[in-house]
Amino acid sequence: MSILESFTTSYGLVSKIDAFGFMDYLNQHPDEARKHGKVILVTADTPLKASRGEGKTTTTIALVDALRKRGIDAAAVLRQPSMGITAAGSKGGASGGGKASLSHPELIDWGLCGEMAAIASAQNLLVSFAEKAIDEGILDKILVPRVSEVPSRSLRSIAVDFGKGTVPERVVLTPTCELMQIVVLSRSMEEISDRVSSMIAGTKDGNPVTFGSFVDLWRITNMLSDAVKPVKTETVNGSPIYVHCGPFANVSLGIPSLISVEMACAEHDIVIVEAGYGTDAGAQKWLDIASREYGAQWPTAAVVVTRASTWRDDKTLAWRYPFHVEHLESLHIPAFPLINLWDGEDDQIPDLLSYASLLKFRKPIIGNLFRDGGDALVEQLDGFVSAIDSEIPAVRSLPESRRGKSLRNRIELLCEESYGVPCDRVIEKDGFADSLSEALDLCNKAGIVFDDLALVAVKSPATMTDDDHKLANERTVTLKKVEVHAGAGLVQVNLTSSLTTPMPKIV
């Protein structure tokens, strides 16, 4: 029996892994045989519509199957989808499709691995404690939202009657909440406990009050004992897949948990990490938050998924895909275009190859992965395998942290690098300055160094700027609101348009 198996337990049709215990064991036994797998990032073009994806999960599954057919020990780490949006059919499932699918997609798509429900219950219990704290005179304002896996427009902004008056509250989807962010970023149960303790429950007379000051945290951590364990499942072809933590890279982190990726890297030579939405969202957050600020591995290579229609059909948006590919290449990450064909598009392949050559891309990987699965990729991966086999130190090194720089400076760097908008066209909406001032005041009173919080951009998933249809020298990014997530160690800045309780599309 392998070491990992001794930390693995059955959970219905899948398994759960005590990743915290496994990594702690390996760290305490440095002589134990382990691998040091390379991370490959699967990201995507910015979709034409927020309610559709480009096929990242399908690509990830097909890529793992193809690499293993070439004799490479590959695995993937996927995100646990949100039942209210993904499983409701708004943008397809989150477990691939066709021949590039998981063996039990219904368990993943419908949240039956349990972590979403446990995190929702724990965050809602924290809010219940905050409401009781108002009764006890500990709080007079609640800052932490309740969560739900089923979106409801009526719950976006609510008022709760406490008898002596009403207190405003709100509800967001589970994967967007601070507790989900804490689980994503933590590497031990002790770290989770410390972070939950540091969450700001609300204020009393304008002064911040943390949950650790009035809640016995074992109640919360006990509820998360299974939620912190990644799921192990497999593709329909038997390739290993790990699933852990939440989606929504536009309004939250959009990446799997750091511990799940580190665990997979200790077991496999190649670990493919799926990041949410486009390169401007999930990939940006893996690079700038997971890698730059939390020490996660810098990708050895990246696959940038697009559809033929997204890439070319709207001429005013055609700049986005080349921008994504070139941005990753500028970071010394070999970026391989992957064009995910739909039925009836095979005849476009010569034209797509010609267009990609004109743009000086690496040779694109093209296939109908739903129809053909990993078989479509096996013979196209020579250049990709060669790139990930090369040991170029610059590719593997982590960039310098940006904590300590002013928030405005970090926002401007983000907008220029990830969206192509220079600092003179980053503008502030009325109310942004007041929101920033309130966030600074909250952190000062709580003893938090504001500029040490990692930056999370909250934005529309379907646009990189205020209006992507504008000419390059006219595009802007508008800053709207600042929100502190002290327990997660993050400061969220709302820009462009976004919703933390999006409604599903009727399908």
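Strand E3 (residues 38–44) is mostly covered in this predicted model, with 7 of its 7 residues buried, where buried means under 20% relative accessible area for a 1.4 Å probe, protein chains only, and where strands are DSSP runs (E) of at least two residues, numbered from the N terminus. In a regular strand, side chains alternate between the two faces of the sheet. Both faces of E3 are covered, since Lys38, Ile40, Val42 and Ala44 are buried on one side and Val39, Leu41 and Thr43 on the other.

Strand E3 pairs in the parallel sense with strand E16 (residues 270–274) over 5 bridges, two strands being paired if DSSP finds at least two bridges between them; within this pairing, the bridge partner of valine 42 is glutamate 274. Strand E17 (residues 301–306) likewise pairs with E3 in the parallel sense over 5 bridges, and here alanine 44 stands opposite valine 305.

An open sheet is formed by 3 strands in the order E7-E12-E13, with antiparallel pairing. Its edge strands, E7 (141–142) and E13 (207–210), each pair on one side only. Strand E12 (residues 200–204) is joined to E7 by 2 bridges, and lysine 141 stands opposite threonine 203 of E12.

Residues are numbered from 1 along each chain as its sequence is written. As the model is predicted, local features need pLDDT of at least 70 and side-chain atom pairs count only at pLDDT 80 or more, whereas totals for chains, interfaces and linings use all residues, and side-chain values use heavy atoms, with hydrogens and water left out.

Methods:
Helix = DSSP H or I, 4+ residues; strand = E, 2+ residues; numbered from the N terminus. Buried < 20%, exposed > 50% of the residue type's maximum accessible area, 1.4 Å probe, protein only.
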